[in-house]
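Please open the model in your viewer and keep the selection tool at hand. The stops below move along one helix and its aromatic rings.

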Amino acid sequence: MASVKDKAEYLIMFVNEFAKRYHLSEVQAYRYLRRFKAIEFLNLQYNVAHTQGFDDMVDAMSIYCQRNGGALS
């Protein structure tokens, strides 16, 4: 079972990578990911998500957000 610290560190790193990809601030990236349910998804699926590369997960979460109404691509 993952610790809260491990999940928090992963989410922080993921948000940072997402922000870099889309040229957003970390705050903008977090708000986007939260609004379109990616943060919730990553939290629930941490055990699998953290084993994937960040590039792959940014791609996957971009698609996930689009399916939930997000407009970044």
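The tour starts with the ground rules and then goes from residue to residue.

This is a predicted model, in which local features need pLDDT of at least 70 and side-chain atom pairs count only at pLDDT 80 or more, while totals for chains, interfaces and linings use all residues. Residues are numbered from 1 along each chain as its sequence is written, and side-chain values use heavy atoms, with hydrogens and water left out.

Select α1, residues 4–22; helices are DSSP runs of H or I with at least four residues, numbered from the N terminus. α1 has 19 residues and spans 27 Å from first to last C-alpha, close to the 27 Å expected at 1.5 Å a residue, where the expected span is 1.5 Å times one less than the number of residues.

Next, select Tyr10 and Phe14. Rings of Phe, Tyr and Trp (its six-membered ring) pair if their centres lie within 6.5 Å; planes under 30 degrees apart count as stacked, over 60 as edge-to-face and the rest as tilted. The centres of Tyr10 and Phe14 are 6.4 Å apart with planes at 25°, so this pair is stacked.

Add Phe18. Its ring centre is 6.2 Å from that of Phe14 and the planes are at 35°, so this pair is tilted. Phe14 and Phe18 are separated by about one helical turn because they are four residues apart in α1. Phe18 is buried (under 20% relative accessible area, 1.4 Å probe, protein chains only), at 0%.

Now select the whole cluster linked by ring pairs: Tyr10, Phe14, Phe18, Tyr22, Tyr32, Phe36, Tyr46 and Phe54.

Finish at His23, which follows α1 and has a positive phi, near 55°.

Definitions and conventions
Helices (H or I, at least four residues) and strands (E, at least two) are DSSP runs, numbered from the N terminus. Buried means under 20% relative accessible area, exposed over 50%, partly exposed in between (1.4 Å probe, protein chains only).
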